[in-house]
Amino acid sequence: MKALPLARPGEALSVLCLGAHADDIEIGAGGLLLNWLANGIRLDVRWCVLSAAGIRSTEAEQSAHAFLSGAVLADLRLARFEDGLFPQQEATLKRWMEELKDGPVPDVILTHRRDDAHQDHRAVSRLTWNTFRDHMILEYEIPKWDGDLGRPNSYAAFGEEILARKIDLLLTHFTSQRAKDWFDAETFRGLARLRGMECRSPGRYAEAFTLRKAWIG
């Protein structure tokens with residue numbers, strides 16, 4: 001299968017990352033970002049976490065800086081919308097999202113899957129599409145108790161080194177999540193191997209995305 005690179009080594013790529021909660025971006029697209037950096041892509045990243053309060057704010061900040069080490073620019077924005085109640089706060093969320101349009105125009109946006117079982121994730125995805133109507137949007141997936149994994153159509157392939165780095169950073173920076181029975185290396189490795197199998201990743205591992213609209217130049 002022929003790859004469609006968004007940028008080549010040495011080229012610049014502007015990325016807007018949107019996550020409902022601390023650790024969402026890292027779980028869903030951490031490998032993609034680490035692999036871009038490892039391959040010499042000059043990343044300009046706005047990293048936005050919409051619900052990050054208390055210890056979760058500290059975790060989000062430290063993790064973002066670790067994942068984006070080597071980026072040309074890392075603009076971190078943390079908000080404090082109430083966890084679990086994003087649909088009830090949608091008007092305020094929409095205004096917050098609109099303010100992001102005043103910044104640089106991103107080449108690609110990373111956000112939640114439209115069909116995610118978590119109500120906060122769905123709200124962020126819906127508002128992403130409502131706010132950014134002329135952009136490439138990659139929807140990432142988050143494993144969870146609900147068992148809502150779907151059938152993605154796009155993959156970011158990588159090898160053991162990138163996966164090991166992703167898992168190490170997740171377990172290092174999100175200590176508050178370790179009590180969750182799904183938040184462990186086996187979950188992240190198992191999903192990455194499954195997605196790697198689906199796209200025949202040369203490195204055996206991958207992250208999966210839903211790409212609903214793209215312009216092929």
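**Nonpolar cores and overall fold**

In the largest nonpolar core, which has 45 residues, the members that touch the most others are V15, W36, L43, W47 and L110. Helix α1, spanning residues 24–38, supplies the largest share of this core, with eight residues. Beyond its neighbours within four places in sequence, V15 is in contact with W36, L43 and L110, each of which is also listed among the core members that touch the most others. The remaining contacts of V15 under that restriction are with D44, V45, R46, P106 and V108. A further core of 19 residues lies apart from the largest one, and its members include A79, L100, V124 and I137. In soluble globular proteins, nonpolar side chains tend to be buried together.

The model is predicted. Six helices and seven strands are assigned in the protein, and their order along the sequence is β-α-β-α-β-α-β-α-β-β-α-α-β. Among contacts with a sequence separation of 6 or more, 79% join residues 24 or more positions apart.

The radius of gyration is 16 Å, which agrees with the value near 17 Å for a compact globule of 217 residues. Along the principal axes, the C-alpha atoms fill a box of roughly 45 × 45 × 30 Å. Buried residues make up 51% of the 217 in the protein. The exposed surface amounts to about 10,800 Å², of which carbon and sulfur atoms supply 51%. Charged side chains comprise 28 positive and 31 negative groups, and the centres of the two sets are 5 Å apart.

Terms used: Residues are numbered from 1 along each chain as its sequence is written. This is a predicted model: local features need pLDDT of at least 70, side-chain atom pairs count only at pLDDT 80 or more; totals for chains, interfaces and linings use all residues. Side-chain values use heavy atoms; hydrogens and water are left out. Helices (H or I, at least four residues) and strands (E, at least two) are DSSP runs, numbered from the N terminus. The radius of gyration is taken over C-alpha atoms; the globule rule is 2.2 Å times the number of residues to the power 0.38. Buried means under 20% relative accessible area, exposed over 50%, partly exposed in between (1.4 Å probe, protein chains only). Contact means heavy atoms within 4.5 Å. Accessible areas come from the Shrake-Rupley method with a 1.4 Å probe; for residues, only the protein chains shown count as cover. Lys and Arg count as positive and Asp and Glu as negative; His and the chain ends are not counted. The place of a charge is taken as NZ of Lys, CZ of Arg, CG of Asp or CD of Glu. A nonpolar core is a set of buried Ala, Val, Leu, Ile, Met, Phe, Trp, Tyr and Cys residues joined through side-chain atoms within 4.5 Å.
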